[in-house]
Amino acid sequence: SGFRPVGEGERVILFDDTFNGYFRPATGLAAARVLAHAGCRVELPRAHLCCGRPYYDAGMLDKAKAALARILEALEPNVPVVILEPACLSVFRDELRQLFPDDARAQELAGRVHSLAEFLEARGYAPPRAFGRALVQGHCHQKALWGTTAEVKLLRAAGFEVEAPDTGCCGMAGSFGLRAETEAASRRIAELALLPRLRAAPPDSVVVADGFSCREQIEGLSARSAQHFAEVLAGTLP
């Protein structure tokens with residue numbers, strides 16, 4: 001990747017997931033800046049790795065398990081891992097342990113994966129002060145397994161006036177919103193709560209969505225752009 005370690009201090013592995021790595025690389029670069037500002041030495045995995053989530057959506061569990069097996073071989077033990085994509089983080093916390101129930105490495109890895117906000121909050125990170133309004137849209141895996149509490153807390157600590165309404169699913173749901181046979185249903189789901197809320201939000205509100213699919217849906221069906229939490233925090237840095 002040509003990426004050299006960024007920052008000094010506690011080592012942390014920034015998981016360069018397929019979605020952000022190939023389609024939204026600014027997310028990873030922003031996260032690296034924030035982690036370095038928090039006093040960490042940021043490293044990427046030595047090889048490109050995928051959690052296998054794209055395989056799950058197509059029912060290819062054998063390929064998904066093979067992808068996770070490569071991760072178990074490649075990721076150095078005992079170093080915290082920050083994962084930016086909620087769909088990927090849910091794999092590490094759920095499917096990984098189910099697919100490798102007797103592998104101690106899987107249990108160990110599942111215990112040291114974090115979202116960026118969780119990692120920063122646990123270390124008492126104080127972001128630079130900023131001003132503005134933020135509307136947070138949680139990814140469905142995120143809302144089901146660990147929530148948006150840490151994101152909201154840190155955004156408020158940075159000075160943002162934060163709204164995190166229950167807008168339900170964005171409707172994209174992986175590739176559901178992109179398939180011809182389900183696109184209309186996806187749009188109806190988005191219209192239940194998310195799109196009306198976006199239309200009602202003040203024009204100067206930043207829309208925060210960590211999920212790749214959520215960002216794609218928001219930008220595809222509304223006039224708003226969406227940023228990952230990492231990008232919002234990076235925007236407060238000097």
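Select Arg123 first; in this predicted model, Arg123 lies in the loop between H7 and E5. With a relative accessible area of 38%, Arg123 is partly exposed, because that class covers values from 20% to 50%. Add His139 to the selection: this residue is 16 residues from Arg123 along the chain, and the two C-alpha atoms are separated by 24 Å.

**From the loop into strand E5**

Continue to strand E5, residues 132-136, and display strand E6, residues 160-163, beside it. E5 and E6 pair in the parallel sense over four bridges. To find one point of contact, select Gly132, whose bridge partner in E6 is Phe160.

Next, bring in strand E7, residues 205-208. E5 and E7 run parallel and are joined by four bridges. Here the pair to label is Ala134 and Val206, since Ala134 stands opposite Val206 in E7.

**The four-stranded sheet**

Now hide these strands and select E1, E2, E3 and E4. In what order do the four strands of the open sheet lie? The order is E2-E1-E3-E4, and the pairing is parallel. Strand E2 (40-43) and strand E4 (113-114) stand at the edges; each has a single partner strand, so one side of each is left without a neighbour in the sheet.

Cross the sheet from the E2 edge. Strand E1, residues 10-15, runs parallel to E2 and is joined to it by four bridges. Select Glu10 and Cys40 together, for Cys40 in E2 is the bridge partner of Glu10. On the way to the other edge, three bridges join E1 to E3, again in a parallel arrangement. Leu14 marks this contact, standing opposite Val82 in E3.

Keep Val82 selected and move on to the E4 edge. Strand E3, residues 81-83, pairs with E4 in the parallel sense over two bridges. On this side, Val82 stands opposite His114 in E4. Val82 thus serves as a landmark in two pairings, facing Leu14 and His114.

**The loop before E3**

Step back along the chain to Asn78, in the loop between helix H4 (61-74) and E3. Is Asn78 buried or exposed? Its relative accessible area is 66%, so Asn78 is exposed, the cut-off for that class being over 50%. Inspect the backbone here as well: phi of Asn78 is near 70°, a positive value in a residue other than glycine.

**Helix H5**

Select H5 next. This helix has 14 residues and reaches 19 Å from its first C-alpha to its last, close to the 20 Å expected at 1.5 Å a residue. Centre the view on Phe92, where H5 bends by about 40°. Colouring by accessibility shows buried residues in H5, including Pro86, Ala87, Cys88, Phe92 and Glu95.

Leu96 deserves a separate selection within helix H5. At 1% relative accessibility, Leu96 counts as buried, because the class takes in residues under 20%. From Leu96, draw a C-alpha to C-alpha distance to Gly211: the two are 115 residues apart in sequence and 19 Å apart in space.

**The cavities**

Turn to the enclosed spaces. There are three cavities of 30 Å³ or more, and the largest cavity has a volume of about 70 Å³. Which residues lie nearest the centre of the largest cavity? Of the 14 residues that line it, these are Ile83, Leu84, Ser115, Leu116 and Asp210.

Show helices H5 (86-99) and H7 (116-122) around this space, as each supplies at least two residues of the lining of the largest cavity. By class, the lining has eight nonpolar, three polar and three charged residues.

**The largest pocket**

Finish at the largest pocket, which has a volume of about 440 Å³. Of the 20 residues that line this pocket, select Asp57, Ala173, Gly174, Ser175 and Ser213, the closest to its centre.

Then display helices H3 (53-57), H8 (140-145) and H12 (212-221), each of which supplies at least two residues of the pocket lining. Which helix provides the largest share of the lining of the largest pocket? That share, four residues, comes from H12. Colour the lining by class to complete the view: eleven nonpolar, five polar and four charged residues.

Terms used: Residues are numbered from 1 along each chain as its sequence is written. This is a predicted model: local features need pLDDT of at least 70, side-chain atom pairs count only at pLDDT 80 or more; totals for chains, interfaces and linings use all residues. Side-chain values use heavy atoms; hydrogens and water are left out. Two strands pair if DSSP finds at least two bridges between them. On a 1 Å grid over the protein atoms alone, a cavity is a set of points where a 1.4 Å probe fits but cannot get out, and a pocket is an open set with protein on both sides within 12 Å along at least five of seven lines; lining residues have an atom within 4 Å of a point. Grid points are joined across faces, edges and corners, and a volume is the space filled by probe spheres set on the points. Ala, Val, Leu, Ile, Met, Phe, Trp, Tyr, Cys and Pro count as nonpolar, Asp, Glu, Lys and Arg as charged, and the others, Gly among them, as polar. The expected span of a helix is 1.5 Å times one less than its number of residues. The bend at a residue is the angle between axes fitted to the seven residues ending there and the seven starting there. Buried means under 20% relative accessible area, exposed over 50%, partly exposed in between (1.4 Å probe, protein chains only).
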